[in-house]
Amino acid sequence: MSKPPSSRGGARERLQHWLPRLVLSPSFVLVLFFVYGFILWTTYISFSGSGMMPDYTWVGTRQWSRLWSSWTWGIALHNIWVFGLLYIVTCTVLGLLLAILLDQRIRAEGTLRTIYLYPMALSFIVTGTAWQWFLNPGLGLERTMHSLGWESFSFNWLIDANMAIYTVVIAAVWQATGFIMAMFLAGLRGIDGEMIKAAQIDGAPTWKIYGRIIIPQLRPVFLSAIVVLAHLAIKSFDLIVAMTGGGPGNATAVPATFMYSYAFSRNEMGIAAASAVFMLAVIAALIIPYLYSELREPRS
Amino acid sequence: MTTTLNKCLVAGAVPLAMLLSASAFAQQSATEGDVEVLNWWTSGGEAKALGALKDQLAEDGIGWQNMPVAGGAGTNAMAVLRSRITSNNPPTAAQVLGYDAQDWADRDSLSSLDDVAEAGNWGEVFPQPIQRFAKSDGHWIAAPFEIHSTNWVWANTSMMDELGLEQPETWDDFIASMKTAQDAGHTGLAYGGQPWQDATVFENVVLATGGADFYRQAMIDLDPEALDSDTMTESFDRFRELLQYKDDNSPGRDWNLATAMVINGDALYQIMGDWAKGEFLNAGLEPEQDFMCFRTPGTQEAVTFNSDLMIMFKNDDEQQQSMQNTMAEIIGSPEFQVTFSQFKGSVPARTDLSADELDACAKRGYEQAKAAADSDTLMGSMAHGYAAPASVKNAVFDIVSSFVNSDMPSDVAAEQLAMAVQGASS
């Protein structure tokens, strides 16, 4: 490109000044409107009399009190609590364990790592459908065991209202553990080897090295893992839909399926909006402190 | 800080305006001279039935723009419809169920079909319970396609012969015949464990237990005293007894897979609406020979129905208006009502037609529906949204499905049912 005439230098500077803003502004506006705008809109809807269609008459907290007196909402909250807790704890523990085992300078580590990480490449719909087939007593594991001659074998959690939520946990853990393992593995690789060597010279047993030196240093990884898992748990929807459809009955309803059902099949948009705002509030309560601590650290 | 934000806002307003104007172009979708019809009739018999309408329209020189939105038993289609209405771009017409037509009429979105209805004498030929859904504030706002009834039992004839069973006339005989089948190593009741199917079977039990008056009081009038009554407790007791004859793998099963169990000779009965007949016919079976159809024992005097409705959306274009009227006229015409039901497995919604061209099950069903309309026992199905609005219907689903999938005692279930219905209708 030839040199611009010096008289246009000012224009070019202005362009350089404005270009980044100009390029970024569409996405900025889209996010402002479609994310934050609709958060406000949904919040308003949760205080309106909306049924099948949005209706802007203000009804105060009526939809909220109907939400909290709903039978299914109680089940959904109980389920998300059970699911979230088991999912986060199991994934973290298994992920850490796998990472530690993989970190022992074993052969074929790359292959194993890929195998463990692979489920993460599948969508939740695929995971859910596959596990639904596998756990369905008439199709999968139980039937195979019966046809192999083990007649007394029984594993019918998927169709048992009290146990179905645990099958969802199993499938979700299967999917996410590899990813958490990768996070921990990266964390382990980042730990200073000198410190471990020093401990070894001092004659500390391996379990103590892990318990006292390595795992405490993984604190940021734990935090990231838990935040990632927590928001995945709260927004879990497709896995439930593919695996159990929220059933048997409402036994595996979670807030996300609750919201979908109230918004689209029950013509209760107000209640659905209230449940959505509640979910947002819970996620915000988890994520905002995390982001705050993460974004602050570099400055201190 | 605030000044940069302001600058960003100003710079951002331009692309936003472009975005909004782009959406304005997207509105001219329906070609002139065509009707655009939103529906979720995509499976074999349904698509053929809809094809009959398309052919009739073609004879009048009206083109057809199909807008099928499959899945979710119409949930997806209704979501599309809402967004079309919100963006002020309604289709010519849409297939809807139950209270949805009333909801759209309340929003003043629908064309009046009064002229067509008056010319076709609709007020006389369609039974009152259907009119309740097709009229709003005394004006016709929907054209009814058919009557589907939900209190049918579908039975495998060869299994009945093999077990020496007669068609049961009473509830006790019905239970006894399923016990015979189960003792012989078959499944007594082919059952799909999805909320709407749970509710379909349950409303049959309520009707068989309490009779038509009780059904109306509990399911249509939503009387709390009927919902939490001894009769309702007894209905739940009977429902529990019935559930013993389903197989263990029923949770989540689709209705047509349950029908296949009867077709394949794995199960004796299925309680399901008359759309199940299509599955038998598609399998090449003959009604009354290879499979039997009879009213759920104890409900012979009554018919619980659902009925598809075609609603037309208000349109300023005169050509569209006249095409809407033509379409409504066709749907209400005697020939179309019969042809449509032949494909769909239903019976005509008009009560002044001859049933000669229908199959054996539909013939009987049609006479029963007419008789029920005369004796005021043609009642909307709760499970299909013709007894109460969607919010109440789903509240009933919640309790009935929980009952099926737990060991909830019957009296608790009745109490919960009354509470849930009250909560949803408040």
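Modeller: Two strands pair if DSSP finds at least two bridges between them. Keep that in mind as we read this structure, which is a predicted model.

Colleague: Let me start with chain B. In what order do the four strands of the open sheet with E9 stand, and what is the pairing?

Modeller: Read across the sheet, strand by strand. The order is E9-E10-E8-E11 in chain B. The sheet is open, and its pairing is mixed.

Colleague: Which are the edge strands?

Modeller: Look for a strand that pairs on one side only. Here strand E9 (187-189) and strand E11 (291-295) of chain B fit that description. The sheet also twists, by an average of 20° from one strand to the next.

Colleague: In which sense do strand E8 and E11(B) pair, parallel or antiparallel?

Modeller: Antiparallel, over five bridges. Strand E8 of chain B covers residues 152-156. For one bridge, find Trp154(B); its partner in E11(B) is Cys293(B).

Colleague: Which strands does helix H13 of chain B lie across?

Modeller: Helix H13 (residues 255-263) lies across E8, E9 and strand E10 (267-271) of chain B. Against E10(B), helix H13 runs at about 145°.

Colleague: Now the other sheet. What is the order of the four strands in the open sheet with E14 of chain B?

Modeller: The order is E14-E7-E12-E15, and the pairing is again mixed. Strand E14 (347-348) and strand E15 (378-380) of chain B each have a single partner strand, so one side of each has no neighbour in the sheet.

Colleague: Over how many bridges do strand E12 and E15(B) pair?

Modeller: Three, and they pair in the parallel sense. Strand E12 of chain B spans residues 303-306. Val303(B) is bridged to Leu378(B) in E15(B).

Colleague: On to helices. At what angle do helix H10 and helix H18 of chain B pack?

Modeller: Ask for an angle and a distance. Helix H10 (residues 195-220) and helix H18 (residues 390-404) of chain B pack at about 85°, with axes 9 Å apart. Angles of 65 to 115 degrees count as roughly perpendicular. That makes H10(B) roughly perpendicular to H18(B).

Colleague: Which residues in H10(B) meet H18(B)?

Modeller: Pro195(B), Trp196(B), Asp198(B), Ala199(B) and Phe202(B). Across from them in H18(B) are Val396(B), Phe397(B), Val400(B), Ser401(B) and Val404(B). The contact holds eight nonpolar residues, one polar and one charged.

Colleague: How far apart are the axes of H3(A) and helix H10 of chain A?

Modeller: The axes are 9 Å apart, at an angle of about 145°. In chain A, helix H10 means residues 219-234. H3(A) passes H10(A) in a right-handed crossing. H3(A) brings residues including Phe83(A), Tyr87(A) and Cys91(A), while H10(A) brings others, among them Phe222(A), Leu229(A) and Ile234(A). The contact of these helices has 12 nonpolar residues, three polar and no charged.

Colleague: Which domains does chain B have by its domain assignment?

Modeller: Mind that a domain can be listed as separate stretches. Domain 1 is 35-148 + 306-374, and domain 2 is 149-305 + 379-425. Their C-alpha centres lie 27 Å apart. Their contact takes 20 residues from domain 1 and 23 from domain 2. On the domain 1 side, H17(B) gives the most, with six residues. That side has nine nonpolar residues, 10 polar and one charged.

Colleague: Last, how many residues does the contact take from chain A and from chain B?

Modeller: There are 31 from chain A and 29 from chain B. Helices H1 (9-45), H3 (71-102) and H12 (255-265) of chain A each supply at least two residues to the side touching chain B. H1(A) gives the most, with seven. The chain A side divides into 14 nonpolar, 13 polar and four charged residues.

How values were computed: Residues numbered from 1 in each chain as written. Chains lettered and ligands numbered in written order. Predicted model: local features only at pLDDT ≥ 70, side-chain atom pairs only at ≥ 80, totals over all residues. Axes fitted to C-alpha atoms, helices over the stretch in contact; angles between N-to-C directions. Parallel < 35°, antiparallel > 145°, perpendicular 65-115°, else oblique. Contact = placed C-beta atoms within 7 Å. Nonpolar A, V, L, I, M, F, W, Y, C, P; charged D, E, K, R; others polar. Domains from an automatic or database assignment. Left-handed = near helix turned anticlockwise from the far one by under 90°.
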